[in-house]
Amino acid sequence: MCREFVAICRKLDLLSKASVAIHGSKFKAVNARDKNFTQAKMKRRLERIDESIARYLSQLETADRQAAAGADVPAAKVTRLKDKLAKLREEIARLNAINAELQASPDKQVSLTDPDARSMATSGKDTGIVGYNVQAAVDTEHHIIVVHDVTNVGTDRRQLANIARLACEGLGAKTLEVVADRGYYEGSEIKACADAGITVTLPKPQTSGAKAEGRFGKQDFVYNAADDIYRCPAGEQLTFRYTSEEDGKILRRYWTSACAACPLKAQCTTGPERRIRRWEHEAVLEAVQARLDKNPDAMKLRRQTAEHPFGTIKGWMGWTHFLTMTLPKVAAEMALNVLAYNMKRVMAIVGVRALVEAAQA
Ligand code: SF4
């Protein structure tokens, strides 16, 4: 139905720009946080129970000693402590059974109410939810959701190429302009988009340790493709030395022998020399940066575009809870929300009559 409706939008000429903003948003599942277990959460809960058991055992021993010394220890107190210990031991047995399930699961995580819901971080500091990650490609002109996808993967890093390709198909376009946030920055995803004729603009996450510590970052080294060298801030040439493979990526290493005598060395490296690594497809990433430099408003466009539909849908859903459980049902629930959003959006743009006529044509 969502695909059919997008086809109607195309008939109405509302999706002629082939330009989308890709955005992911987390929606809570029915599953409560304390009914979701990761290895870290399980460890914390078992440790807390062990601490409580140690405390009650110590109180019980004290009561026994006092009773042996002739003190009047109320029997109710001893019974209460023993009951608490029994309950905690029952809880350990329950948690051990869940832990066995958790260890056998592929992603070392168990959700008791909705087995497909997953613990995921959200943008707020130290906040997280148990839920689903909804991906959407939103048309930058009319804010219509071209495609969406519901996943239970907590990060956006591996989502870009898939959702961009789906958007390209949904629009029936041969090429597509995409803006996304830095959470989608992953070399192989950007390369897959480039190979499919999709032009992506997104910022690079600031992960350079050298830059954070006040030294030159990689962006301060200028690559010269014709000579395959980097020029450093001191004007020295860093030449290609060797190739290595990391996480399936071929990386080329460059450095110069001039570092030891360089007056800028303290601002550059703490090692014997500064080494720069270059992914074999780095040119694709440089093209992304060049596009962003040329169009600094791209991120403003992304925010304005992608936050409109998600904000509206979340407002409708009230506290952003899904009402259904398991991925197929949650996906259907989301599709209904997307369809309702798109219908209201198109009605607001072209009016009900034009929409009905286009649907009947
Ligand atoms: S330390 Fe080496 S790479 Fe860094 S600026 Fe000096 S010569 Fe260039």
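Val 338 counts as buried because 23 C-beta neighbours lie inside 10 Å, and the cut-off for that class is 20 or more. The residue is found in helix H9, which covers residues 327–350. Leaving aside residues up to four places away in sequence, Val 338 touches Cys 2, Ile 145 and His 148. Of these contacts, Ile 145 and His 148 fall within strand S6, residues 145–151. Val 338 can also be placed relative to Pro 309: the two are 29 residues apart in sequence, and their C-alpha atoms are 8.4 Å apart in space.

The model is a predicted one, and its overall dimensions give a frame for the local details. The protein has 361 residues, and a compact globule with that number would have a radius of gyration near 21 Å, whereas the protein has 28 Å. Along the principal axes, the C-alpha atoms fill a box of roughly 90 × 75 × 30 Å. Buried residues account for 26% of the 361 residues, and Val 338 is one of the residues that count as buried. The secondary structure consists of ten helices and 13 strands. Contacts across the sequence can be described as well: among those between residues at least 6 apart, 63% join residues at least 24 apart.

Strand S5 is a useful place to continue. Which part of S5 is buried? Eleven of its twelve residues are, so the strand is largely enclosed by the rest of the structure. S5 spans residues 128–139 and pairs with several other strands. With S1, which runs from residue 19 to residue 28, S5 is joined antiparallel by nine bridges. One position in this pairing is Ile 22, whose bridge partner in S5 is Ala 137. Strand S4, residues 118–121, also pairs with S5 in the antiparallel sense, over four bridges. Here the bridge partner of Ala 121 is Gly 128 of S5.

The pairing of S5 with S6 is antiparallel too, and it has six bridges. Asn 133 has Thr 151 of S6 as its bridge partner. The two strands form a hairpin with five residues between them. His 143 lies in the loop that links S5 to S6, and its phi is near 60°, a positive value in a residue other than glycine. How exposed is His 143? It counts as partly exposed because it has 19 C-beta neighbours inside 10 Å, where 20 or more would make a residue buried.

Another positive phi occurs at Asp 13, where the angle is near 65° and the residue is again not glycine. Asp 13 sits in the loop between helix H1, residues 2–11, and strand S1. With 9 C-beta neighbours inside 10 Å, Asp 13 counts as exposed. The segment around this loop can be tied to elements already described: Cys 2, in the range of H1, is among the residues that Val 338 touches, and S1, on the other side of the loop, is joined to S5.

A parallel pairing is found further along the chain. Strand S7, residues 176–180, pairs with strand S8, residues 198–201, in the parallel sense over four bridges. In this pair, Leu 176 has Ile 198 of S8 as its bridge partner. Helix H5 covers residues 187–195, and together S7, H5 and S8 make a right-handed β-α-β unit.

The ligand comes next. It is surrounded by 14 residues, and the closest are Cys 232, Ala 234, Cys 259, Cys 262 and Cys 268. By class, the shell around the ligand divides into eight nonpolar, two polar and four charged residues.

Last is Ile 250, which is in strand S12, residues 249–255. Is Ile 250 buried or exposed? It counts as exposed because 12 C-beta neighbours lie inside 10 Å, and 12 or fewer is the cut-off for that class. Not counting residues up to four places away in sequence, Ile 250 touches Thr 243, Glu 245 and Glu 280. Ile 250 and Asp 195 are 55 residues apart in sequence, with C-alpha atoms 18 Å apart in space. Asp 195 belongs to the range of helix H5, the helix of the β-α-β unit.

Key:
Residues are numbered from 1 along each chain as its sequence is written. This is a predicted model: local features need pLDDT of at least 70, side-chain atom pairs count only at pLDDT 80 or more; totals for chains, interfaces and linings use all residues. The radius of gyration is taken over C-alpha atoms; the globule rule is 2.2 Å times the number of residues to the power 0.38. Two residues are in contact if their C-beta atoms, placed from the backbone, lie within 7 Å. Two strands pair if DSSP finds at least two bridges between them. A crossover is right-handed if, with the strands pointing away from the viewer, the path from the first strand over the helix to the second runs clockwise. A residue is near a molecule or strand if its C-beta atom, placed from the backbone, lies within 6 Å of it. Ala, Val, Leu, Ile, Met, Phe, Trp, Tyr, Cys and Pro count as nonpolar, Asp, Glu, Lys and Arg as charged, and the others, Gly among them, as polar.
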